[in-house]
Amino acid sequence: MRTRIGYIASNTFREAVRDRVLYNLIAFALLLSGAAILVGQISIEIEKLVVINLGLTAVSLFGVVIAIFIGIGLVSKEIEKRTLYTVLSRPVRRWEFIVGKFFGLAGTLVVNTFFMAIGVFGALFYVSHKFVRADALILVALYFIILEFLIICSLALLFSSFSSPLLSAVFAFSLFVIGSFAEDLRNFAKMAHGVSGLLATGAAYLVPNFSAFNVITSIAHEQPVAGQLILQNSLYALFYAAMALSGAVLIFERRDLK
Amino acid sequence: MPAIEILGLEKTYSVGFWRKRPKRALFPLRFTVEDGEVFGFLGPNGAGKTTTLKLLMGLVYPTGGSARILGREWTDPWVKAQIGFLPEQPYFYDYLTAHELLEYYGQLSGVPAKQRKQRVEKVLDQVGLRDVRGVQLRKFSKGMLQRVGIGQAILHDPKLVFFDEPMSGLDPMGRREVRDLMEQLKHEGKTVFFSTHILSDAEALCDRVAVIHKGELRDVGAIEDLTSSVLGKVEVIWQGSQVPASIKALGAECHVTGDRVRAIIAENQQDAMIDALRRERLRLIAIIPVRTSLEAYFVEKLRRAETTAGSVA
């Protein structure tokens with residue numbers, strides 16, 4: 001039997017599809033096919049490297065933009081348009097609403113990533129005319145990108161539960177940028193001492209460590225990814241997303257829907 | 001068992017950005033709504049009607065007090081499966097069709113799949129949207145959206161329905177249809193609680209009403225009782241063509257038509273009027289109670305409240 005969370009998630013997915021969010025795939029397809037044709041013409045033995053780098057970076061950026069722009073409106077838009085009133089006046093708990101929205105957005109991004117992945121493999125086949133065993137590593141990179149999306153979705157929902165869409169977008173984008181340099185931030189924190197050292201270490205570990213999820217360059221060079229990193233990133237993403245979602249639930253549970 | 005017992009619900013909001021200050025939206029509210037009643041919740045705009053409904057729906061949290069709905073705590077999830085709610089000027093997911101929206105709300109209300117299909121079809125018929133069941137809501141007019149709103153409120157066959165300004169923004173035909181629907185719900189034995197500032201709707205539909213103004217409950221009771229308690233008047237008709245000074249002195253509002261005089265006078269002056277007519281040897285034809293309109297009652301009641309507030313200040 002499907003749960004209320006499932007119904008809310010599938011409605012969120014339906015909203016994204018009907019609001020033509022998946023149209024971004026057209027832009028992605030144009031970008032990638034253009035790049036593949038261009039690289040194929042230049043042909044200086046780096047076609048594959050360029051296509052993997054460009055393709056996976058585009059998958060990541062397109063997804064991040066979608067995650068933030070849909071995520072920030074998931075709660076605030078429902079409050080603003082008062083569509084939430086007829087949902088929460090039913091036997092739906094507020095946490096079910098938040099979790100349902102999260103899964104709906106995450107599902108949208110997974111489907112979106114799936115189609116973009118087909119595009120990346122298509123472009124790869126176009127430039128190299130065959131697949132090799134090392135190409136399977138692209139799947140690991142895609143998996144890490146999806147983990148990254150889970151964290152961003154949960155953060156966008158967290159900000160959306162108490163802030164306006166504009167501020168939520170600013171917060172979420174800032175965290176994405178800072179999180180992409182999280183390793184540098186941690187190294188910097190190690191050099192600081194005293195109170196500033198503690199503060200810098202706290203901040204460095206509080207922001208999501210997106211740099212650990214970026215394996216695009218090493219995969220483009222056909223370097224394998226350690227199983228430990230896969231496990232570590234999986235646990236980290238689930239933990240971080242769960243914490244951010246819990247924060248969103250805690251805030252939303254106490255909020256008056258004026 | 002009352003359908004709704006409001007036990008001192010109150011709400012104070014914090015307003016302001018830097019320096020938060022309290023703003024009382026609702027003073028402790030106490031009244032009950034009996035099972036099977038059509039109950040009107042009346043008040044001018046900004047009186048606290050929507051705040052009360054939001055408190056009962058769990059959309060805002062009370063600063064104090066509690067409520068019981070159908071014999072249980074109002075926050076009990078079981079209660080939410082037994083009630084329907086139409087918010088003021090409802091807005092729905094406009095990318096859905098009317099059929100999809102009702103289906104979705106049926107799922108959230110826990111209506112089993114087999115019954116859900118039947119209920120959705122029945123409700124689409126009931127609110128007159130069968131022909132446009134496949135049209136996206138973004139193409140609906142305000143009146144059609146109001147019908148969708150009513151449809152979603154009654155979809156899961158609730159025992160108790162809350163309507164917030166259900167006639168707001170509707171044309172006369174639309175209002176008539178909503179009235180008919182509310183009467184139908186009453187005949188089905190459901191309790192209807194609706195807020196309105198359109199008094200003619202309350203007069204036409206309600207068994208009892210509560211009047212709220214500036215967050216404070218002013219009165220609760222049957223419309224007849226409320227109107228007579230404030231402005232009870234009688235019309236006295238006698239034969240004659242002139243109004244004697246002794247009758248004018250009673251403050252009567254008199255109109256002479258042919259050989260008859262009609263006077264409107266406060267109910268408590270009725271005996272004095274009869275005595276005066278006897279003394280003047282005039283022939284009494286009739287004494288008819290004048291039913292004061294709810295509007296007149298309302299204006300009088302709110303005027304008194306303003307005066308009291310002014311004198312206290």
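In this predicted model, helix α1 (residues 4-18) of chain A packs against helix α3 (residues 98-108) of chain B. Their axes lie 9 Å apart and meet at an angle of about 155 degrees. Angles over 145 degrees count as roughly antiparallel, so α1(A) is roughly antiparallel to α3(B).

Which residues make the contact? From α1(A) come R4(A), Y7(A) and N11(A). From α3(B) come Y104(B), Q107(B) and L108(B). Sorted by class, the contact of α1(A) with α3(B) has three nonpolar, two polar and one charged residues.

Now to a strand of chain B. Strand β3 spans residues 38-42. Is β3(B) mostly covered or mostly open? It is mostly covered, with five of its five residues buried. The side chains split between two directions. V38(B), G40(B) and L42(B) point one way from β3(B). F39(B) and F41(B) point the other way. Residues on both sides are buried.

Strand β3(B) also pairs with two strands of chain B, β8 and β9. Each pairing is listed below.

| Partner of β3(B) | Bridges | Direction | A bridge pair |
|---|---|---|---|
| β8(B), residues 191-196 | five bridges | parallel | L42(B) with T196(B) |
| β9(B), residues 208-213 | four bridges | parallel | F39(B) with R208(B) |

The two named pairs tie back to the strand's two directions. L42(B), the partner of T196(B), points one way from β3(B). F39(B), the partner of R208(B), points the other way.

Note on methods. Residues numbered from 1 in each chain as written. Chains lettered and ligands numbered in written order. Predicted model: local features only at pLDDT ≥ 70, side-chain atom pairs only at ≥ 80, totals over all residues. Buried ≥ 20, exposed ≤ 12 C-beta atoms within 10 Å, placed from the backbone. Pairing = 2+ DSSP bridges. Axes fitted to C-alpha atoms, helices over the stretch in contact; angles between N-to-C directions. Parallel < 35°, antiparallel > 145°, perpendicular 65-115°, else oblique. Contact = placed C-beta atoms within 7 Å. Nonpolar A, V, L, I, M, F, W, Y, C, P; charged D, E, K, R; others polar.
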